[in-house]
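Visitor: I have a model open and would like to learn how to read its features. Where should we start?

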Amino acid sequence: MSANSVLLDFSLEPSRIGDEVSRKDIVKLCKEHLEKYLPGLKISYDMLTEDGYLCILNAPGAVITTIRFFNQGLITINIEYYRAERDEAKLSFEQTRELENSLVQNLKLNHGQSLPTLQRGPVTRYFPTADERVIEYDIDKVLYDKRSEFQKIQIVHSKSLGNMLVLDELQNIAEADLIYTETLMRRGIENYKDKEICILGGGDGALLYELLKEEPKFVVMLEIDELVMQACNKYMNSICGDVLERRKSDNYEIVVGDCMVYLNKYIKDGRKFDYVFGDLTDIPISDTPTGEIWDFIRTILESSFKVLKPTGKFMTHGNGVSCPESLEMYEEQLGKLTPKVAFTKCTAFVPSFMEEWVFYQVQDETAVAANV
């Protein structure tokens, strides 16, 4: 069940919108063509607006249609109605395209565009890319939906991606995303055998699960959200195995708590790691590297290098390649660290993100110069 929105957009000469007679003719023709698909359509309200004109129509079945004229030369038609699970669509995509073409031809419009029906409701199908464009997913059900003390947690099922973890309306990882974890850890390039590793975040368990296959000496994972781990243990165990169930073994331990509290403790105790993974927040999209998230990122970087061995590496994910400005700002922050660091980066196309993602490997500059 969902509220369905059918959207059509058209462009035309602005002078035709400003002319009242022309505008009325366009509305009349629009109504006639819409009635072929929406019988009984009637005009219920219209008004001049500051930027043009608005006409509201209704049809049996609680179908509301708005035709809006913008003085700059744009017409939008929005058709909205509620569709129960077994109901047929009021307009198929094929019919929407037929409507678009007939309006362009008969109204002599410059350009037309129609979109597949947007389905809005309890099953969210739309998530943003890194640079805030909308992607529609083939999600058919919600398996888990709770709000923890820290965030909204959902696990949804995608026909093509499998189960997918969504945090605060942002896709995090799906069963089809092994490439994400393998690229973050640089599998086949980095040697984790007998190494000591700290994971900051990583509540889905995927990174810990894959690292343990590399025979490390010990891995400690610091995750603040218990509910994320419970949800992933139940619905995402194809990517995390039983590590979130067991929580502790001879070669790993999961600690539930604020990673900064434990990083500060490790600094005080002099504990050191070969690798620290920042599996926390993505690099934010912003005009400047300021604000709470940027402050957190800088604190994590500074603290991580205090618990890294001289030859150790900080490994993290960045953002999409479509966000070069944010990536450049992050690299500027790396350039301000003391002692100086050097970094490499790589990319991978992540299926559930539907875009190319950037990953960073950061190391003390002295160790890089010594080819360690």
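**Reading sheets, backbone and cavities**

Guide: Take one bridge as a way in: Ile197 has Val219 of β15 as its bridge partner. Keep in mind that this is a predicted model.

Visitor: In which sense do β14 and β15 pair, and over how many bridges?

Guide: The general idea is that strands of a sheet pair through backbone hydrogen bonds, either parallel or antiparallel. Here β14 and β15 (residues 218-223) are parallel, with five bridges between them.

Visitor: What is the order of strands in the open sheet of eight strands?

Guide: Read across the sheet, the order is β16-β17-β15-β14-β18-β19-β21-β20, and the pairing is mixed. β16 (248-249) and β20 are the edge strands, each of which pairs on one side only.

Visitor: How do β15 and β17 pair?

Guide: They pair in the parallel sense, again through a set of five bridges. One residue pair to inspect is Leu222 with its bridge partner Val255 in β17.

Visitor: In which sense do β16 and β17 run?

Guide: β16 and β17 run antiparallel and are joined by two bridges. Ser249 has Tyr252 of β17 as its bridge partner. The connection from β16 to β17 is a hairpin through two residues.

Visitor: Which strands does helix α9 lie across?

Guide: α9 (residues 259-269) lies across β14, β15, β17 (252-256) and β18 (273-279). Its direction is at about 135° to β15.

Visitor: What is the order of the open sheet of four strands, and what is its pairing?

Guide: The order is β10-β11-β12-β13, with antiparallel pairing. β10 (139-147) and β13 are at the edges with a single partner strand each, so each has one side without a neighbour in the sheet. On average, neighbouring strands of this sheet are turned by 25° against each other, direction ignored.

Visitor: How many bridges join β10 to β11?

Guide: Seven bridges join these antiparallel strands, β11 being residues 152-158. Val142 has Val156 of β11 as its bridge partner. When you look along such strands, a general rule helps: in a regular strand the side chains alternate between the two faces of the sheet.

Visitor: At about what angle to β11 does helix α6 run?

Guide: The angle is about 15°. α6 (residues 226-235) lies across β10, β11 and β12.

Visitor: Let us turn to the backbone. Which residues does the cis peptide bond join?

Guide: As background, most residues other than glycine have a negative phi, and most peptide bonds are trans. In this model, a cis peptide bond joins Thr338 and Pro339, with omega at about -5°. Pro339 sits in the loop between α11 (324-335) and β20 (341-350).

Visitor: What is the phi of Asp168, and where does the residue lie?

Guide: Asp168 is a residue other than glycine with a positive phi, near 50°. Its place is the loop between β12 (162-167) and β13 (170-174). Asp168 counts as partly exposed because its relative accessibility is 40%, and that class spans the values between 20% and 50%.

Visitor: What is the phi of Arg186?

Guide: Arg186 also has a positive value, near 55°. The residue is in the loop between α4 (178-185) and β14 (196-201). With 22% relative accessibility, Arg186 is partly exposed.

Visitor: On to internal space. How many cavities of 30 Å³ or more are found?

Guide: A search of the whole structure finds two. The largest cavity holds about 120 Å³ of space. Its lining includes Gly278, Phe296, Phe314, His317 and Tyr330.

Visitor: Which elements give two or more residues to the lining of the largest cavity?

Guide: They are α10 (292-306) and β19 (308-320). α10 has the largest share, four residues. By class, the lining has eight nonpolar, four polar and no charged residues.

Visitor: What is the volume of the second largest cavity, and what lines it?

Guide: The second largest cavity has a volume of about 30 Å³. Ile173, Tyr180, Asp204 and Asp279 are among the residues lining it. α4 and α5 (206-212) each supply at least two lining residues, and α4 gives the most, with three. This lining divides into five nonpolar, one polar and two charged residues.

Methods:
Residues numbered from 1 in each chain as written. Predicted model: local features only at pLDDT ≥ 70, side-chain atom pairs only at ≥ 80, totals over all residues. Heavy atoms only, no water. Buried < 20%, exposed > 50% of the residue type's maximum accessible area, 1.4 Å probe, protein only. Pairing = 2+ DSSP bridges. Contact = heavy atoms within 4.5 Å. Axes fitted to C-alpha atoms, helices over the stretch in contact; angles between N-to-C directions. 1 Å grid on protein atoms, 1.4 Å probe; cavity = no way out; pocket = protein on both sides within 12 Å on 5 of 7 lines; lining within 4 Å. Points joined across faces, edges and corners; volume = space filled by probe spheres on them. Nonpolar A, V, L, I, M, F, W, Y, C, P; charged D, E, K, R; others polar.
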